[in-house]
Amino acid sequence: MSQTAPVIQPSPVLGIIASWPRSWFWLLCADLYPVLSAAALPWSTTAVVVFMSIWIIVLLPTIDYRSFFSSLKNPASFLPVAFFGIAVLGIFWADDSWTVRLYGLRPLVKLLAIPFLLYHFQRSERGHWALIAFLASCTVLLAVSFLAFFVPELHIEATKVPGVPVRNYIDQSQEFTLCIFALLVTVLTLIEKRRMALAVVCGGIALGFYLNMAFVALARTAMLYAPVLEILFAAKYFTRNKAILVCLTGFVATAVVGFASPYLQTRVSYIFRDYRLHRDSPEVATSDAQRLAYWRASVGAIAEAPLFGHGTGSTTEIFQRQAEGKTGEWANLVRNPHNQTLYVAIQWGLFGTIVLFAMWYFHLSLFPGTTLISWIGLIVVVQNLISCLVNSHLFDFHEGWLYVLGVGIAGGLEFRNRRRPLRNHSSAGISPESQTGGIAAGQI
């Protein structure tokens, strides 16, 4: 006589564990770790890596993978993954050691966070927390910077520049410039809503960032992207005549501040000094002369392998050859040609360069509107693109993470805003997330 097999009841404990990723606390943590990363970015490299690593672990169980892989059809999400994929393939045709090849992947790993950030923050209602956290953190850094300038012994780290308490003046200028232009649009929005007191506060903070860059610490790269951002701001938010007036006012104000600032006068004099040294004493390794030498070496290397490049990590060997037989600062070993396009073209040729520019293009196209979120995403991409003319900021830690977090979070919020009309169906029990397999917006 046959016996019916016993029915195995699922363990209540396993059921509770399986429900954790859908709990309000878990979903709150999925929002908070990028917020903590944004707050930590002006201060610490280690904290950013730790918070983002934990975030990925927390995020993975919350993902509906059918919806996530569908989101990768968007070039803004797919191209960072494709860029990293090219770098992985590039390790197989590089000539250097495997250690050097694998090390060459490190600058690109952070780009893999972009599709996850875009996916998550189009589901989340708390994406603006990260933007506020970054601004608040930079405001604290602003206060500490002024203190460190007037009381140098208050330096948190042993930096060489007065008024730069942590990291370096290039990173600090990158952050403060973003804050200035984000606050300008915030002030316009608050004035339109007649919230004058808050507009005055935000305007005062923006002025503080500006004065810090004018009198305390300024990267030369900021002299390239700040005018571009000013013109973009005027063109996007004012009529033609008013935009011209805004630009002229900004440039005149900068000139006046320049005459009043001994620091800016010194910075400008250094530029002319370096030019004269390079012209009259080519053997002196000024920063501009070194950059030009790196570019010439890069162009020669690209000509040797124009289509697919020399492979991942190959810049190390190429610039070692450049330094052979030289002395002093000319003998310094570098990996970075101080130009993002050249950095990519050396390793992955025309193929990699096309992917780089396509990624920039589609990330720019994410932010066509005039909302504050769209503006923040736009200035993050434009600033990175301009600064990458004379640096390799996409591959640098600080500026690279600034790009990844800015594009990922602002882009996710922009996607969410575009879908906002669908949210009218929620009263009938249908959420926009249920149509794509994601987590309902109200759950996060």
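**Aromatic pairs, buried helix positions and an internal cavity**

The count of aromatic pairs comes to 21 in this structure, which is a predicted model. One of these pairs joins phenylalanine 83 and phenylalanine 395, whose ring centres are 6.1 Å apart. The angle between the two planes is 40°, and the pair is classed as tilted. Phenylalanine 83 belongs to helix 5 (residues 75-90), whereas phenylalanine 395 sits in the loop between helix 18 and helix 19; the pair therefore ties together parts that are 312 residues apart in sequence. Buried means under 20% relative accessible area. Phenylalanine 83, at 0%, is therefore buried, and phenylalanine 395, at 7%, also counts as buried.

A second example is the pair of phenylalanine 308 and phenylalanine 351, which is edge-to-face, with 6.0 Å from centre to centre and 65° between the planes. This pair, too, links distant parts of the chain, 43 residues apart: phenylalanine 308 is in the loop between helix 15 (287-304) and helix 16 (315-323), and phenylalanine 351 is in helix 17. Partly exposed residues have a relative accessible area between 20% and 50%. Phenylalanine 308 counts as partly exposed because its relative accessibility is 48%; phenylalanine 351, with 43%, is partly exposed as well. Elsewhere, Tyr65, Phe68, Phe69, Phe116 and Tyr119 form one aromatic cluster.

Helix 17 (residues 340-364) also contains glycine 349. This glycine is counted as buried because its relative accessibility is 1%. Its C-alpha lies 4.7 Å from that of leucine 307, although the two residues are 42 places apart in sequence. Beyond its neighbours within four places in sequence, glycine 349 is in contact with Ala305, Pro306, Leu307, Phe308, Gly309 and Val344. Phenylalanine 308 thus appears both among the contacts of glycine 349 and in the aromatic pair with phenylalanine 351.

Another buried position is found in helix 10, which contains glutamine 172. With a relative accessible area of 2%, glutamine 172 is classed as buried. When neighbours within four places in sequence are set aside, the contacts of glutamine 172 are Leu141, Ser145, Gly163, Val164, Pro165, Asn212 and Ala217.

Helix 10 (169-192) is also one of the elements against which the buried residues of helix 12 pack, together with helix 11 (196-215), helix 13 (240-260) and helix 18. Helix 12 spans residues 222-237, 16 residues in total, and reaches 22 Å from its first C-alpha to its last, close to the 22 Å expected at 1.5 Å a residue. Its buried residues are Ala222, Tyr225, Leu229, Glu230, Phe233 and Ala234. An α-helix has 3.6 residues a turn, so residues three or four places apart point the same way.

The interior also holds enclosed space: there are two cavities of 30 Å³ or more. The second largest cavity has a volume of about 40 Å³. Which residues line the second largest cavity? The lining consists of Gln174, Val380, Gln383, Asn384, Glu399, Leu402 and Tyr403. By character, these residues divide into three nonpolar, three polar and one charged. Helix 18 (372-387) and helix 19 (397-418) each contribute at least two residues to this lining. Helix 18 thus takes part both in the lining of the cavity and in the packing around helix 12, while the loop between helix 18 and helix 19 carries phenylalanine 395 of the tilted pair described at the outset.

Terms used. Residues are numbered from 1 along each chain as its sequence is written. This is a predicted model: local features need pLDDT of at least 70, side-chain atom pairs count only at pLDDT 80 or more; totals for chains, interfaces and linings use all residues. Side-chain values use heavy atoms; hydrogens and water are left out. On a 1 Å grid over the protein atoms alone, a cavity is a set of points where a 1.4 Å probe fits but cannot get out, and a pocket is an open set with protein on both sides within 12 Å along at least five of seven lines; lining residues have an atom within 4 Å of a point. Grid points are joined across faces, edges and corners, and a volume is the space filled by probe spheres set on the points. Helices (H or I, at least four residues) and strands (E, at least two) are DSSP runs, numbered from the N terminus. Ala, Val, Leu, Ile, Met, Phe, Trp, Tyr, Cys and Pro count as nonpolar, Asp, Glu, Lys and Arg as charged, and the others, Gly among them, as polar. The expected span of a helix is 1.5 Å times one less than its number of residues. Buried means under 20% relative accessible area, exposed over 50%, partly exposed in between (1.4 Å probe, protein chains only). Contact means heavy atoms within 4.5 Å. Rings of Phe, Tyr and Trp (its six-membered ring) pair if their centres lie within 6.5 Å; planes under 30 degrees apart count as stacked, over 60 as edge-to-face and the rest as tilted.
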